[in-house]
Amino acid sequence: MAEKVVHKSWIIQYNLHSILGFLLLVFLFVSFYLMGDNSDGASFLANKPTRKNSSPKCDLFSGSWIVDNVSYPLYKEQQCSFMADDFACHKFGRKDSKYHYWRWQPIDCDLPRFNAKGLLEKLKGKRVLFVGDSLNKNQWASMVCLIETSGIPSLKPPIWKGNLITFEVKEYNATIDFYWSPLLVESNCDDPVKHRVRDRIIRIEAIEKHARHWIDADILIFDSFTWWLEAQMTLQWGSFNSSDAIHKKVGMKLRRYEMALRTWSDWLEFQIDQKRTRLFFMSLSSSHKNATDWGMGNDQNCYGETEPISRKEHWGSESDIKMMEIAEASVNGLKSKGLNIQYLNITQLSEYRKDGHPSIYKRNWVAPTKEQLSNPRKNSDCVHWCLPGVPDVWNQILCAYIMDSTTELKE
């Protein structure tokens, strides 16, 4: 009798071990399948941010820059045949390259590596459109380079028609476009080439001329900050060709910005297909024209800088919090009305990167003056960004939101 009990006990243990062993094999197989290499060399899970703690939402915007010379840069400047001369710093003489190797590390999760093929699968048959100024063009150029250097075949050079640049990815029947509209509403700065005007005139309640080019986009990415920083602008009611138009020269930077975003918001609320179109608004991109912000002399700027600012939560004097609050309030207002829109606050992570600007290493569309040639700091671009560089991280964050369908990301 005792032998039978022992025999049955052994059988039960054997069966239990067999079941556990089988379940372990299934788990390992599934894990290998999910985490193994796919057709583009990126893992299936690479599209999702991974949390390091029990925080219910992943905050991709709070973190620090760490050196990573193994997996960065995400591409090389010379590999991108569509690189704009405005952002090609090595081509125009920049010798240092450390700015290529900084990786943004969020505090409580990991930022997914850019997965071009995974993104394009998501965008198959869709139109993505960046709308705004040259900083949004900077981000668009980064996106084009990230896609081109990933090995996607049969890519054609972007086509420029008026304010619109179209980049087509035929294999996926997708387009990644840029539309020049620096103030979002209509202005005398709307020419994509000849827009350097002393007196900026804005039709503060007119947007249709631009917006009709956006209406069929599936994903819209907006920005508009830098062009509003002028001390005075002329507001106009009525068309540019009308003799009856009303003009008013005003300061009130915040008020006019708020008025323009109201025009933009109203158009989106009534014209965009809320079920189809996803919207993003990029926050202010930090500039580094004033070196006193990081403890240097008032005659210095980003020129010659090769390291990020290490001081935690550094905030520069040129980043206008009140303007950012107006933009975020506009986004939240649209969200409350049912629009699928996110405010991507890339300002703080950009604040640290005083080393990431072209300074003098870019094409000069206007010949430098004798004073600028004798003092390069006076001719330094401390607004835009070298590529590869900071805008690549903006696009990693943007793509994380596009790919996320589980609401794991902080709103």
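**Exercise 1. Find which cysteine C89 is bonded to, and describe the link.**

Solution. C89 is joined to C386 by a disulfide, with the two sulfur atoms 2.0 Å apart; the structure in view is a predicted model. Turning next to the torsion, the link of C89 and C386 is left-handed, with -95° about the S-S bond. The two partners come from distant parts of the chain, since C89 sits in the loop between β2 and β3 (102-106) while C386 sits in the loop between α8 (370-374) and α9 (390-403), and the pair is 297 residues apart. For the last step, recall that buried means under 20% relative accessible area. C89 has a relative accessibility of 0% and therefore counts as buried, and C386, at 0%, counts as buried too.

**Exercise 2. Work out the handedness of the disulfides of C58 with C109 and of C302 with C382, and say which parts of the chain each of them ties together.**

Solution. Begin with C58 and C109, which form a disulfide with their sulfur atoms 2.0 Å apart. The torsion about the S-S bond of C58 and C109 is about 80°, and the disulfide is therefore right-handed. Because C58 lies in the loop between β1 (50-51) and β2 (63-67), whereas C109 belongs to strand β4 (residues 109-110), the pair ties together parts that are 51 residues apart in sequence. Both C58 and C109 are buried.

Continue with C302, which a disulfide joins to C382 at an S to S distance of 2.1 Å. Here the torsion about the S-S bond is about -85°, so the disulfide of C302 and C382 is left-handed. C302 is found in the loop between β14 and α6 and C382 in the loop between α8 and α9, so this pair ties together parts that are 80 residues apart in sequence. C302 is buried, with a relative accessible area of 4%, and C382 is buried as well, with 2%.

To finish, place these links in the whole: a search of the entire structure finds 4 disulfides, and when the bonded cysteines are counted along the chain, the pattern reads 1-4, 2-5, 3-8, 6-7.

**Exercise 3. Trace the order of the strands in the open sheet of 7 strands, and explain why β6 and β15 each have one side without a neighbour.**

Solution. Follow the sheet from one edge to the other, and the order is β6-β7-β8-β5-β11-β14-β15, with mixed pairing. β6 (159-161) and β15 (340-344) stand at the edges with a single partner strand each, and so one side of each is left without a neighbour in the sheet. On average, neighbouring strands of this sheet are turned by 15° against each other, direction ignored.

At the β6 edge, the pairing with β7 (residues 164-169) is antiparallel and extends over 3 bridges, and I159 has T166 in β7 as its bridge partner. For a contrast in direction, look at β5, which pairs with β8 in the parallel sense over 6 bridges and with β11 in the parallel sense over 4 bridges. Individual positions can be located in these pairings: V128 stands opposite I176 in β8, and V131 stands opposite F222 in β11.

**Exercise 4. Decide whether the residues of β5 are buried or exposed, and sort them by the direction in which they point.**

Solution. In a regular strand the side chains alternate between the two faces of the sheet. In β5, R127, L129 and V131 point one way, while V128, F130 and G132 point the other way, and all of them are buried. Since 6 of the 6 residues of β5 are buried, the strand is largely enclosed by the rest of the structure.

**Exercise 5. Describe how helix α3 is placed against the sheet and against α9.**

Solution. Helix α3 (residues 134-148) lies across β5 (127-132), β6, β7, β8 (174-180), β11 (219-222) and β14 (278-282), and it runs at about 160° to β8. The axes of α3 and α9 come within 9 Å and cross at roughly 75°, which makes α3 roughly perpendicular to α9. Among the residues that make this contact are L135, M143 and L146 of α3 and W394, L398 and C399 of α9. The residues of the contact divide into 7 nonpolar, 4 polar and 1 charged.

Notes: Residues are numbered from 1 along each chain as its sequence is written. This is a predicted model: local features need pLDDT of at least 70, side-chain atom pairs count only at pLDDT 80 or more; totals for chains, interfaces and linings use all residues. Side-chain values use heavy atoms; hydrogens and water are left out. Two strands pair if DSSP finds at least two bridges between them. Helices (H or I, at least four residues) and strands (E, at least two) are DSSP runs, numbered from the N terminus. Axes are lines fitted to C-alpha atoms, for helices over the stretch in contact, and angles run from 0 to 180 degrees between N-to-C directions. Contact means heavy atoms within 4.5 Å. A disulfide is a pair of cysteine sulfur atoms within 2.5 Å. Buried means under 20% relative accessible area, exposed over 50%, partly exposed in between (1.4 Å probe, protein chains only). Angles under 35 degrees count as roughly parallel, over 145 as roughly antiparallel, 65 to 115 as roughly perpendicular and the rest as oblique. Ala, Val, Leu, Ile, Met, Phe, Trp, Tyr, Cys and Pro count as nonpolar, Asp, Glu, Lys and Arg as charged, and the others, Gly among them, as polar.
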